[in-house]
Amino acid sequence: MTAPTVVFAWRRTPPPLLIGGAEVSQQLLAEEFARSGWQVLYLGSHEAPWNGSAQFGHLRSHLQAHGTEWEEMGREVRYRWNGVLCRAVPQDRVEKVLREVLAQVRPELVITSQEGAADIAAIARRTSRVAGWLHSVSANSHGVLHGGPHVALATSKFVAGRTRAPAGTRTVVFYPPFVPAEGDAHLLAGHGEPAHLTSGGVLMVNPIPAKGSALLHQLIARLPGRRFTLVEGWWDTAREFTSYPNVRWVPRTYAMGPLYSGNDLLLVPSQVEDAFPRVIVEAALHGVATIGSARGGISEAVGEGGLVVHPDDVGAWVEAIETADQSDLGVKARVRAVPLVRPCLPELAAAGLVPAAADI
């Protein structure tokens, strides 16, 4: 019996280049499909969809660093990453290659999102079930709905509440996939004590204006006795922060585990309506609580494992950082996060997108 096939198709880079939460979530789901016996093809581009800039150099460097072989065929790059066949093509060939793939493999499911996803969904629904993954409430994310996907996967209840799906598209809440904290494979069974070691530090990822960098400057200045660890996100803002004596700057990294475990609190002071920030759950799996903005789906991700504060109330943020019961909140955060480390394919089967495991 031939294994079923799923295709992830979008205009961003395929794994393993991770820019934000959407890339991480889709890579983890693709790898779960591969572990479950599916044939998985991940079609993307080695050119950025927002400005056409070349990404192949970054992709090649990352593949080399991880000992991954690749082949170039014309202007296409092919390689395997954790069981997933990845194909990176120029932007002007994405739709052509997608049509060829659909004709060749007739996938049971196509998952698409972000820039230009409406066109991808419209093409794919002629042969396959299509899921449009809504990673945020932005027009860029919700644009996929214009392509008429069969199911819209809303990454939180907040996103689902803001979704206006067309007739024929069903919206379901589909929280992002997560993996256990390092050394915590037993989390799938829901057991274990937090591995977090108290250090007094405060962590923030992606310190840019939309994510609250202006507020962060004020907190750093008003809390000189606190150690702030800042991790580069979408772009490098190191020059803004490295002059502070109580700031440690960390370039973009894939190894977040030690950073979570080495701090007491995570700050998510977003000024925008984040959908369901991955960092909140990832930190919680390490026993680290979050202080987050009362914006979008942040409070949904925090739950009882932290505090939610108005993003414009600097005094309230200072008080929250100084008075938070980090130990108690850290335990609650972990309890909240552990159920999100789960198999995701049964949820897709319940949504009618894939057969149940017993039917494959």
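Me: Which residues of H10 are buried?
Reply: This is a predicted model, in which local features need pLDDT of at least 70, side-chain atom pairs count only at pLDDT 80 or more, and totals for chains, interfaces and linings use all residues. Residues are numbered from 1 along each chain as its sequence is written, and side-chain values use heavy atoms, leaving out hydrogens and water. Helix H10 spans residues 278-285, helices being DSSP runs of H or I of at least four residues and strands runs of E of at least two, numbered from the N terminus. Buried (under 20% relative accessible area, with exposed over 50% and partly exposed in between, for a 1.4 Å probe and protein chains only) applies to Arg278, Ile280, Val281, Glu282, Ala283, Ala284 and Leu285.

Me: Which residue with a positive phi follows H10?
Reply: The phi of this residue is near 80°. The residue that follows H10 is Gly287.

Me: What is the distance between the end C-alpha atoms of H13?
Reply: The expected span is 1.5 Å times one less than the number of residues. For the 12 residues of H13 this should give 16 Å, and the model agrees: the end C-alpha atoms are 16 Å apart.

Me: Within what arc do the buried residues of H13 fall?
Reply: The buried residues of H13 are Gln326, Leu329, Gly330, Ala333, Arg334 and Ala337. The arc is taken over directions from the helix axis to the C-beta atoms. Seen down the axis, these buried residues line one face of H13, because they fall within an arc of 140°.

Me: Which exposed residues does the face of H13 turned away from its buried side carry?
Reply: That face lies opposite the buried side of H13. Its exposed residues are Ser327 and Val335.
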